[in-house]
Amino acid sequence: MPNSNRFDTLKMMAGTEKPSRRDFMKFCGTMAAFIGMGPAFAPKVAHALAGKKRPSVIYMHGAECTGCTEALLRAYQPYFDEIIMNTISLDYCETVMASAGQAAHAALEKAMKNPEGYVCVIEGGIPTYHGGEYGKVGGETMFQLFARVAAKANATIAMGSCACFGGIQAAAPNPSGAKGTNDALKAVGVNAINIAGCPPNPMNFVGTVVHLLTKGMPELDAWNRPKMFYGDTVHDHCPRQEHFNRGEFAPDFESEEAKKGWCLYQLGCKGPYTYNNCPTSLFNEVNWPVQAGAPCIGCSEPNFWDDYSPFFHPIEDGPES
């Protein structure tokens, strides 16, 4: 990305410069197109974002690697600062907040008392064995803390496959009893929107928030994923699909066929069984795994660690639904 753009962004993050109206409208146009409404919907997005107080967001971290937050921090058009300045009010997030310890806990409790409510975002699996003692924050188990926060939220978003389905923590033998948000917290009435992926494209998260603000709850699939992002398989829009149709498969990663863009199915690509918009919404508008020469490993699907491994070996049939 251009250095000047990043310098301008850093200035805005430091508070020395605010996003211009032109930048804001560009952001709104990008979001309107991304959620499938077209450029003409941009003024309505702008009105929704500028006409009401930004929603308070409490961003919780469970059993995970923080890769989803790292992906969000590296969001490009919109940059992360534009997300938190134009779209949401990020009132609690352990990764980016300056406070720690009791001060951080106080910020959490204050955010939970917001009279207009808040949106709870959960990243990571939730340990449940032995009362959830395998994961704690400030002396409180993640299971107890997340249940307390999410149960009172206006909406809950599970960010990443660990939060959606348990992720690698839930892979066999799953010693901590890790579960996804909806599975772990269903007893307290939580019904989270799942933004699946390892990590998910940050635009899928931002687009979901904008959809909630402008049009309400997006249409969800059977796994609570927004259909506007997870409605088609990776294979449906893969640029290597023509080679698949012709039966042209790369024999190994170093082969000339692989370099020419032949299909990676025989090298373990799970694109035909994976619902995600990776081919049409590149990470940071630059790249995605198959374009970089790596097969899709099915990271937005439930139990993909167990069902799809070993990742670089072909499978003849997808896992049972």
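How many aromatic pairs does the count come to? I began my notes with that search, keeping in mind that the model is predicted, and the count comes to eight aromatic pairs.

**Entry on the aromatic rings**

I looked up phenylalanine 249 and tyrosine 265, whose ring centres lie 6.3 Å apart with the planes at 50°, so I noted the pair as tilted. Phenylalanine 249 sits in the loop between helix H12 (241-245) and helix H13 (256-259), while tyrosine 265 sits in the loop between H13 and helix H14 (304-307), so this pair ties together parts that are 16 residues apart in sequence. I then checked how covered the two residues are: phenylalanine 249 is partly exposed at 25% relative accessibility, whereas tyrosine 265 is buried, with a relative accessible area of 9%.

I turned next to phenylalanine 253 and phenylalanine 312, an edge-to-face aromatic pair with 5.6 Å from centre to centre and 75° between the planes. This pair links distant parts of the chain, since phenylalanine 253 is in the loop between H12 and H13 and phenylalanine 312 is in the segment after H14, 59 residues apart. For phenylalanine 253 I noted a relative accessible area of 34%, which means that this residue counts as partly exposed. Going back to the tilted pair, I found that ring pairs link Phe249 and Tyr265 with Phe244 into a cluster.

**Entry on strand S6**

Is strand S6 mostly covered or mostly uncovered? I found S6 (residues 155-159) mostly covered, with five of its five residues buried. Ala155, Ile157 and Met159 point one way from S6, Thr156 and Ala158 point the other way, and all of these are buried. I set this beside the general expectation that side chains in a regular strand alternate between the two faces of the sheet.

I also looked up the strands that pair with S6. Strand S3 (residues 119-123) pairs with S6 in the parallel sense over five bridges, and S6 is joined by three bridges to strand S7 (residues 193-195), again running parallel. I followed isoleucine 157 through both pairings: this residue is the bridge partner of valine 121, and in S7 its own bridge partner is isoleucine 193.

**Entry on the cysteines**

How many disulfides does a search of the whole structure find? I recorded zero disulfides. Cysteine 263 is in no disulfide, and the nearest cysteine sulfur, that of cysteine 269, is 6.2 Å away, whereas a disulfide would need the two sulfur atoms within 2.5 Å. Cysteine 263 is buried, with a relative accessible area of 8%, and I noted cysteine 120 as buried too, with a relative accessible area of 0%.

Terms used:
Residues numbered from 1 in each chain as written. Predicted model: local features only at pLDDT ≥ 70, side-chain atom pairs only at ≥ 80, totals over all residues. Heavy atoms only, no water. Buried < 20%, exposed > 50% of the residue type's maximum accessible area, 1.4 Å probe, protein only. Helix = DSSP H or I, 4+ residues; strand = E, 2+ residues; numbered from the N terminus. Pairing = 2+ DSSP bridges. Phe/Tyr/Trp six-rings, centres within 6.5 Å; stacked < 30°, edge-to-face > 60°.
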